[in-house]
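Me: I'm new to this structure and would love a friendly, close look at one part of it. Could you pick a good spot and walk me through it, with enough of the surroundings to find my way?

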Amino acid sequence: MSTDAPTPAATAGVQALPQAAWALWVRLTCAVVVLVGCMLAGLFIGAVHIPPGGVVLDILDHLPLVHIDSGLTEQQRDVLWLLRMPRVALGALVGATLGLGGAAYQGTFRNPLADPYLLGVAAGAGLGATIAIVYAQGHSLGGQSLLPVLAFAGGALAVALAMLVGRSFGEGRSSTTLILGGVAVATFLTAVQTFVQQSRDDTLRIVYDWILGRLATSQWSEVRMVLPYLVVSAVVVLLHGRMLDVLGLGDDTAESLGVNPARVRGIVVIAVTLGTAAAVAVSGLIGFVGIVVPHVVRLLGVRGYRALLPLSALAGGAFLVLCDLLARTALSPAELPIGVVTALVGAPVFALVLRSARGSAQP
Amino acid sequence: MIELRDVRVVRGGRPVLHGVNLDVPRGAWCALIGPNGAGKSTLLRAIAGGPVDGGAVLIDGQPVHAIGRRARARRMAVVDQQPTMPADMTVADYVALGRTPYLSYFGREGADDRRVVAECLDRLDLMAFAGRRVTTLSGGEWQRTVVARALAQQPDVLLLDEPTSALDVGRQLHVLELVDRLRGDDLTVISATHDLGLAAAFSDRVALVSGGLIVAEGAPAEVIRESVLSEHYGADLRVLRDDEGHLAVVPRRTRP
């Protein structure tokens with residue numbers, strides 16, 4: 001079909017089409033400011049008093065070519081750089097990964113209840129971690145604790161199994177068969193995990209601690225270990241924003257637009273699994289972030305996955321850092337499990353969001 | 001030119017199309033009519049490159065299944081019977097998705113794409129709605145938006161599956177008139193419809209599909225006849241013609 005010369009109305013309308021890029025940049029800038037604010041709060045507040053000004057100066061002192069005396073004591077520096085900083089960094093990274101994964105899955109499966117654990121990554125990681133705790137505590141692989149290794153492997157294998165099972169159902173390429181495959185695999189692996197967990201009373205508490213999520217023991221080594229996986233996962237998922245918009249039209253329409261929906265879904269699932277399995281391996285099972293954060297971002301009027309994905313990542317990071325701050329200060333000096341805090345904060349927020357959205361917060 | 005040669009489709013072990021032959025010249029509007037379950041939608045899907053179990057669909061002499069997915073989407077656009085309405089999207093963003101076949105896998109719309117989108121919105125009288133969410137549109141506005149998205153693919157062939165079934169008669173006419181206007185660009189239209197009056201009013205050719213076969217094909221007045229329709233629809237139907245030659249199909253009750 002050829003097109004006629006554009007009419008004046010069409011020419012004028014071009015200016016308004018289709019995405020107002022500046023609006024996305026404004027939102028991204030705001031989200032970055034919020035994330036940085038939450039991270040600074042995470043660094044400022046804790047059992048040991050560290051003056052906020054000193055924290056900022058000490059961070060600036062670590063920049064290349066900048067030399068500033070922050071006035072912090074050696075002990076304050078150790079608390080800041082060896083305890084709080086890796087914890088806040090890991091919280092931001094894990095939260096961003098879960099927020100991004102949740103938004104990506106809600107688009108991939110056109111399901112508002114989807115979260116990054118939909119295809120069994122949590123059940124698989126839970127089984128891997130439980131096996132490591134029950135049977136291999138104290139063992140290591142090349143100097144690396146077995147727990148994150150087995151949790152990562154368990155999560156990734158569970159999703160691979162879900163994809164295989166999903167494909168074996170009839171034509172097996174739709175999002176529904178993939179979800180059903182995930183349900184089957186997750187149910188089976190959870191049963192095995194429960195069996196392994198119950199077989200040893202003395203490790204029950206450790207298993208539960210892991211399942212409820214933890215950032216308390218975060219170290220730079222864990223940040224370094226998961227960072228490559230999280231970055232690769234995030235880049236691949238973020239590049240799929242437009243494709244997720246196309247998938248939102250349904251598989252038939254996506255195909256008529258020249259897109260292979262099964263292939264797009266497969267790539268997104270693999271990328272999300274890589275990130276989620278890595279995040280879960282070091283932080284345990286932190287719930288609600290992946291499901292709540294994208295809906296809250298939608299409530300702020302964000303449309304389309306090209307905007308929703310990066311904003312969900314930034315908001316997810318900020319949300320988890322704040323929840324972790326609550327977890328370690330609410331009952332100080334005791335700590336609440338981070339998974340409990342995200343659920344306690346997330347569930348009412350989720351209900352409020354759904355109430356306010358009145359059905360408009362659909363993927 | 002679209003040519004169907006002995007197209008056969010089997011679904012769940014049951015033959016749905018038994019060997020369909022059909023020629024649709026470039027720039028023509030061919031309406032597929034027929035009772036429920038006759039195979040109209042399956043036929044449209046086969047033309048769009050869907051799976052077939054025998055025969056061939058040719059577009060300008062080239063087998064449609066030999067054309068790559070994206071290249072096919074640049075030549076052929078589909079308007080489904082009940083297209084999914086994405087909640088979060090504006091009309092302009094929705095129509096812009098029609099540019100997908102022209103973009104690389106990770107690509108985004110450029111100035112040319114935005115120009116085409118603006119033209120399609122303008123042609124379908126949607127410019128005033130460009131920033132509106134699709135969920136706030138009326139049935140007629142939404143249907144025009146879907147057609148605009150299909151036209152943004154700049155196709156040679158437009159496939160419409162019951163395009164106006166959810167609209168009142170006024171909006172049906174409005175949408176179909178807009179599509180008819182586009183045929184000045186050599187656009188070939190193949191539509192499946194239950195509305196025999198609208199099929200007669202807008203199409204150059206009508207193909208009656210029944211039992212997985214095309215049982216009658218020709219100009220609207222040749223196919224939309226009482227004896228032919230009554231036999232294949234299993235109902236007593238009267239065909240009325242006004243002074244200007246417009247056809248209307250009226251059902252007759254078997255009991256008074």
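Reply: Happy to! Let's start with the overall build of chain B. For 256 residues, a compact globule would have a radius of gyration near 18 Å, and the 19 Å of chain B agrees with that. Please keep in mind that this is a predicted model. The C-alpha trace of chain B spans about 60 × 40 × 35 Å along its principal axes. Within chain B there are 9 helices and 12 strands, and 48% of its 256 residues count as buried. Of the contacts in chain B with a separation of 6 or more, 66% come from residues 24 or more positions apart.

The part to look at closely is strand 9 of chain B, which covers residues 205–210. Is this strand enclosed or open to the outside? Of its 6 residues, 6 are buried, so strand 9 of chain B is largely enclosed by the rest of the structure. Follow the side chains and you will find two sets: Arg205(B), Ala207(B) and Val209(B) point one way, while Val206(B), Leu208(B) and Ser210(B) point the other way. Both sets are buried.

Now for the neighbours of this strand. Strand 3 of chain B, residues 29–33, runs parallel to strand 9 of chain B and is joined to it by 4 bridges. To find this pairing on your screen, look for Ala31(B), whose bridge partner in strand 9 of chain B is Val206(B). Another neighbour is strand 10 of chain B, residues 213–218, which pairs with strand 9 of chain B in the antiparallel sense over 5 bridges. Here Ser210(B) has Leu213(B) as its bridge partner. Strands 9 and 10 of chain B form a hairpin, with 2 residues between them. In the turn sits Gly211(B), with a positive phi of about 60°.

Elsewhere in chain B there is an open sheet of 4 strands, in the order 2-1-4-5, with antiparallel pairing. Strand 2 (14–24) and strand 5 (62–63) of chain B are at its edges with a single partner strand each, so one side of each has no neighbour in the sheet. Helix 1 of chain B, residues 40–47, packs on this sheet and touches strand 1 (2–11), strand 2 and strand 4 of chain B. The direction of this helix makes about 60° with that of strand 2 of chain B. At one edge, strand 4 (residues 54–59) and strand 5 of chain B pair over 2 bridges, and Leu58(B) has Pro63(B) as its bridge partner there.

To round off the tour, here is chain A. It has 15 helices and 2 strands, and its C-alpha trace spans about 75 × 55 × 40 Å along the principal axes. Buried residues account for 51% of its 363 residues. One pair of helices to find is helix 13 (residues 289–299) and helix 14 (residues 305–329) of chain A, whose axes come within 9 Å and cross at roughly 120°. That angle makes helix 13 of chain A oblique to helix 14 of chain A, and their crossing is right-handed. Among the residues that meet here are Val293(A) and Val297(A) from helix 13 of chain A, and Leu311(A), Ala315(A) and Phe319(A) from helix 14 of chain A.

Technical notes: Residues are numbered from 1 along each chain as its sequence is written. Chains are lettered from A and ligands numbered from 1 in the order in which they are written. This is a predicted model: local features need pLDDT of at least 70, side-chain atom pairs count only at pLDDT 80 or more; totals for chains, interfaces and linings use all residues. Two strands pair if DSSP finds at least two bridges between them. Two residues are in contact if their C-beta atoms, placed from the backbone, lie within 7 Å. Axes are lines fitted to C-alpha atoms, for helices over the stretch in contact, and angles run from 0 to 180 degrees between N-to-C directions. The radius of gyration is taken over C-alpha atoms; the globule rule is 2.2 Å times the number of residues to the power 0.38. A residue is buried if 20 or more other C-beta atoms lie within 10 Å of its own, exposed if 12 or fewer, and partly exposed in between; C-beta atoms are placed from the backbone. Angles under 35 degrees count as roughly parallel, over 145 as roughly antiparallel, 65 to 115 as roughly perpendicular and the rest as oblique. A crossing is left-handed if the near helix is turned anticlockwise from the far one by less than a right angle, and right-handed if clockwise.
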